[in-house]
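This report describes selected features of one structure, with attention to aromatic pairs, helices, strands and individual residues. The sequence and the model are shown below.

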Amino acid sequence: LGDLAKLEGHRLYIFLNAFDLDAAQLRKLEHLTHKPGVTTLWFYAPGYLSARGADLRRVSKLTGLLVSETELPTTAKLTALPSLNPAAEPALAMGREKVLKPTLRVDGGSTLAVYEGTKIPAAAVVRRDGWQSFLFASAPLPAAVLRQIVDAAGCHLYTTSDEVIYAGRNHIVLHTAKAGKHVVDLPTALTVRDATSGELLARKTRQVELECNGPKTWILALEP
C-alpha cells in the first residue's frame with residue numbers, strides 16, 4: 001500500500017490483503033477505485049481494521065457492497081453460481097477449508113458464489129457510475145474465474161487456458177506443464193521470435209501457436 005500514489009490510470013486493481021487501512025489509505029483507495037472505467041477485485045475484508053478497531057461498515061463503503069457477519073458456514077469453500085460458472089465445471093474450486101473469522105456475507109450486488117452447502121452469498125459484484133467492484137469472502141480463486149474478471153475489466157487476455165504467462169512490453173514468458181499446442185493472443189499485430197534461439201516464429205501476427213512434448217518454458221521477444 002506504500003505505492004498507492006503510483007497506481008493511477010489502470011483498468012484493473014487487485015487487492016489481496018488490504019485488511020488494515022488508516023483513514024488516509026482508505027480515502028486514497030476510494031479515490032483510486034471509484035472512478036469510471038475502473039474494476040477492482042477485493043479479497044475478504046478490505047478496510048476492516050484501523051486504529052479505531054474493527055468495522056465492517058468500512059468494508060461496505062470501500063467495496064460498494066453490503067458486507068455483514070454470518071455464523072452459519074462451516075467452511076470457507078465457495079460454490080460458483082451460473083453467472084460465474086456458466087459451463088457448470090465441477091472442478092471450479094474456490095476458497096479454503098478453514099472458516100475465516102469474521103465470516104462475511106456479501107450482499108448488495110449480483111451474487112457470484114455462495115458458501116459450499118449453503119445459500120449464503122460469499123461473493124458479488126456491484127456496478128456504479130461506470131466502475132465495478134468484485135468482492136470474494138474467501139480465496140484463492142481458480143484461473144478461469146480470474147480470467148472472467150480480467151475480461152470484464154476490458155483488459156487483454158493472452159491465453160484462455162491455465163498456462164503461466166508473464167507479459168511485458170517487449171517480451172512474453174509462457175510456462176506450461178502440459179504437452180500439446182498452446183496459443184498466445186497478442187494485443188496488436190507483432191513479430192515474434194524465440195528470445196533464446198533467435199528463431200522467427202511469426203511475422204506481424206495477433207496469435208502465436210506453440211507446441212511441446214512435455215513441460216516447457218518459452219521466452220518470446222516481441223517486435224513491431
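Burial is judged by relative accessible area: a residue under 20% is buried, one over 50% is exposed, and one in between is partly exposed. The model discussed here is predicted.

## Aromatic pairs

The whole structure holds 4 aromatic pairs. In one of them, the ring centres of F19 and Y44 are 5.8 Å apart and the planes stand at 80°; because an angle over 60 degrees counts as edge-to-face, the pair is assigned to that class. The two residues come from distant parts of the chain, 25 residues apart: F19 belongs to the loop between β1 (12–15) and α1 (23–33), and Y44 to the loop between β2 (39–43) and β3 (49–50). With a relative accessibility of 30%, F19 is partly exposed, whereas Y44, at 14%, is buried.

F43 and F136 form another pair, with ring centres 6.4 Å apart and planes at 35°, so this pair is tilted. Since F43 is part of strand β2 and F136 part of strand β11 (residues 131–136), the pair ties together parts that lie 93 residues apart in sequence. Both F43 and F136 are buried. In addition, one aromatic cluster is formed by Y13, F15 and W42.

## Helix α1

The buried residues of α1 are L26, L29, E30, L32 and T33. Around the helix axis they cover an arc of only 165°, and they therefore lie on the same side of α1. These buried residues pack against β1, β2, α2 (56–63) and β11.

At the start of α1, D22 contributes a side-chain oxygen that comes to within 3.1 Å of the backbone nitrogen of A24.

## Helices α2 and α3

Helix α2 is mostly covered, with 6 of its 8 residues buried. Those residues are L56, R58, V59, S60, L62 and T63. At the start of α2, a side-chain oxygen of D55 reaches to within 2.9 Å of the backbone nitrogen of R57. Just after the helix, G64 adopts a positive phi of about 80°.

In α3, the residues V145, R147, I149 and V150 are buried. The buried residues of this helix pack against β1, β2, β7 (94–96) and β11. After α3 comes G154, which has a positive phi near 85°.

## Surroundings of L141

L141 is located in the loop between β11 and α3 (143–152). Its relative accessibility is 12%, so L141 counts as buried. Leaving aside residues up to four places away in sequence, L141 touches F43, M94, F136 and L146. Among these contacts are F43 and F136, the two members of the tilted ring pair.

Between the C-alpha atoms of L141 and L78, the separation is 9.5 Å, although these residues are 63 residues apart along the chain.

## Surroundings of T75

T75 occupies a position in the loop between β5 (66–69) and β6 (76–80). With a relative accessible area of 6%, T75 is buried. The side chain of T75 reaches the backbone nitrogen of K77 at 3.1 Å. A polar atom of the T75 side chain also lies 3.2 Å from the backbone oxygen of E97.

When residues up to four places away in sequence are not counted, the contacts of T75 are R96, E97, V99, Y115 and E116. E97 thus appears both in this contact list and in the approach of its backbone oxygen to the T75 side chain.

## The open five-stranded sheet

An open sheet is built from 5 strands in the order β12-β13-β16-β14-β15, and the pairing is antiparallel. Its edge strands are β12 (164–167) and β15 (200–212), each of which pairs on one side only. From one strand to the next, the twist averages 15°.

Within this sheet, strand β14 (residues 180–194) and β15 pair in the antiparallel sense over 9 bridges. The bridge partner of V192 is A202, in β15.

How values were computed. Residues are numbered from 1 along each chain as its sequence is written. This is a predicted model: local features need pLDDT of at least 70, side-chain atom pairs count only at pLDDT 80 or more; totals for chains, interfaces and linings use all residues. Side-chain values use heavy atoms; hydrogens and water are left out. Rings of Phe, Tyr and Trp (its six-membered ring) pair if their centres lie within 6.5 Å; planes under 30 degrees apart count as stacked, over 60 as edge-to-face and the rest as tilted. Helices (H or I, at least four residues) and strands (E, at least two) are DSSP runs, numbered from the N terminus. Buried means under 20% relative accessible area, exposed over 50%, partly exposed in between (1.4 Å probe, protein chains only). Two strands pair if DSSP finds at least two bridges between them. Axes are lines fitted to C-alpha atoms, for helices over the stretch in contact, and angles run from 0 to 180 degrees between N-to-C directions. A polar contact is a pair of N or O atoms within 3.5 Å; within protein, one must be able to donate a hydrogen and the other to accept it, and residues adjacent in sequence count only if both atoms are side-chain atoms. Contact means heavy atoms within 4.5 Å. The arc is that of the directions from the helix axis to the C-beta atoms.
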